[in-house]
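Work through the exercises below with the sequence and the structure at hand. Each task is followed by a solution in steps.

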Amino acid sequence: MCQITGKKAMVGNHVSHSKHRTKRSFNVNLFTRKFFWVEQQCWVVLKVSAAGLRLINKIGLEAALRRAAEKGYLTRINTMEA
């Protein structure tokens, strides 16, 4: 699960040419990334999706962390002192 956007794996059907349906999962494009949190002067390790990376680039790390904490996606932040 992405800690910024809350995206999780979805379940759907793999449909063959003969319309035979079998269950499959659509996984999230997740990355483990380290970000430097300027306000706290520390490194933060997050599991982030590609959409989460774009959101951090757009609104900044502080605002993205605040938004994720409000929505309940951010359960725990791994910090490493600088």
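## Exercises on rings, a surface patch and cysteines

**Exercise 1.** Decide whether W43 is buried, partly exposed or exposed.

Solution. W43 has a relative accessibility of 33%. Partly exposed covers the range between the buried limit of 20% and the exposed limit of 50%. W43 therefore counts as partly exposed. The model is a predicted one, and the value is computed from it.

**Exercise 2.** Find how many aromatic pairs there are, and classify the geometry of F36 and W43.

Solution. Step one is the count, which comes to 1 aromatic pair. Step two is the distance: the ring centres of F36 and W43 lie 5.3 Å apart, and the limit for a pair is 6.5 Å. Step three is the angle. The two planes stand at 65°, and angles over 60 degrees count as edge-to-face, so F36 and W43 form an edge-to-face pair. As for exposure, F36 has 32% relative accessibility and is therefore partly exposed.

**Exercise 3.** Identify the charged side chains that lie over the rings of W43 and F26.

Solution. Start with W43: the charged end of K34 sits over its ring, at 5.6 Å from the centre. Then take F26: R24 lies over the face of this ring, 3.9 Å from the ring centre. The cut-off for the distance is 6 Å.

**Exercise 4.** List the residues of the nonpolar surface patch of about 330 Å², and place M80 in the secondary structure.

Solution. The patch is made by F36, V38, W43 and M80. Members of a patch need over 30% relative accessible area. M80 has 33% relative accessibility, so M80 counts as partly exposed. M80 belongs to strand β5, which covers residues 78-81.

**Exercise 5.** Determine how many disulfides the structure holds, and check C2 and C42.

Solution. The structure holds 0 disulfides. For C2, the nearest cysteine sulfur is that of C42, 19 Å away. For C42, the nearest cysteine sulfur is that of C2, also 19 Å away. The cut-off for a disulfide is 2.5 Å, and neither C2 nor C42 is in one. On exposure, C2 has 0% relative accessibility and so counts as buried. C42, at 5%, counts as buried as well.

**Exercise 6.** Locate L53 and state the separation of its C-alpha atom from that of A69.

Solution. L53 lies in helix α1, residues 50-59. With a relative accessible area of 21%, L53 is partly exposed. L53 and A69 are 16 residues apart along the chain, and their C-alpha atoms are separated by 16 Å.

Definitions and conventions:
Residues are numbered from 1 along each chain as its sequence is written. This is a predicted model: local features need pLDDT of at least 70, side-chain atom pairs count only at pLDDT 80 or more; totals for chains, interfaces and linings use all residues. Side-chain values use heavy atoms; hydrogens and water are left out. Rings of Phe, Tyr and Trp (its six-membered ring) pair if their centres lie within 6.5 Å; planes under 30 degrees apart count as stacked, over 60 as edge-to-face and the rest as tilted. Buried means under 20% relative accessible area, exposed over 50%, partly exposed in between (1.4 Å probe, protein chains only). A charge sits over a ring if NZ of Lys or CZ of Arg is within 6 Å of the ring centre and within 35 degrees of the ring normal. Patches are made of residues with over 30% relative accessible area and no salt bridge: like charges are joined within 9 Å, nonpolar side chains (Val, Leu, Ile, Met, Phe, Trp, Tyr) within 5 Å. Accessible areas come from the Shrake-Rupley method with a 1.4 Å probe; for residues, only the protein chains shown count as cover. A salt bridge is a side-chain nitrogen of Lys or Arg within 4 Å of a carboxyl oxygen of Asp or Glu. Helices (H or I, at least four residues) and strands (E, at least two) are DSSP runs, numbered from the N terminus.
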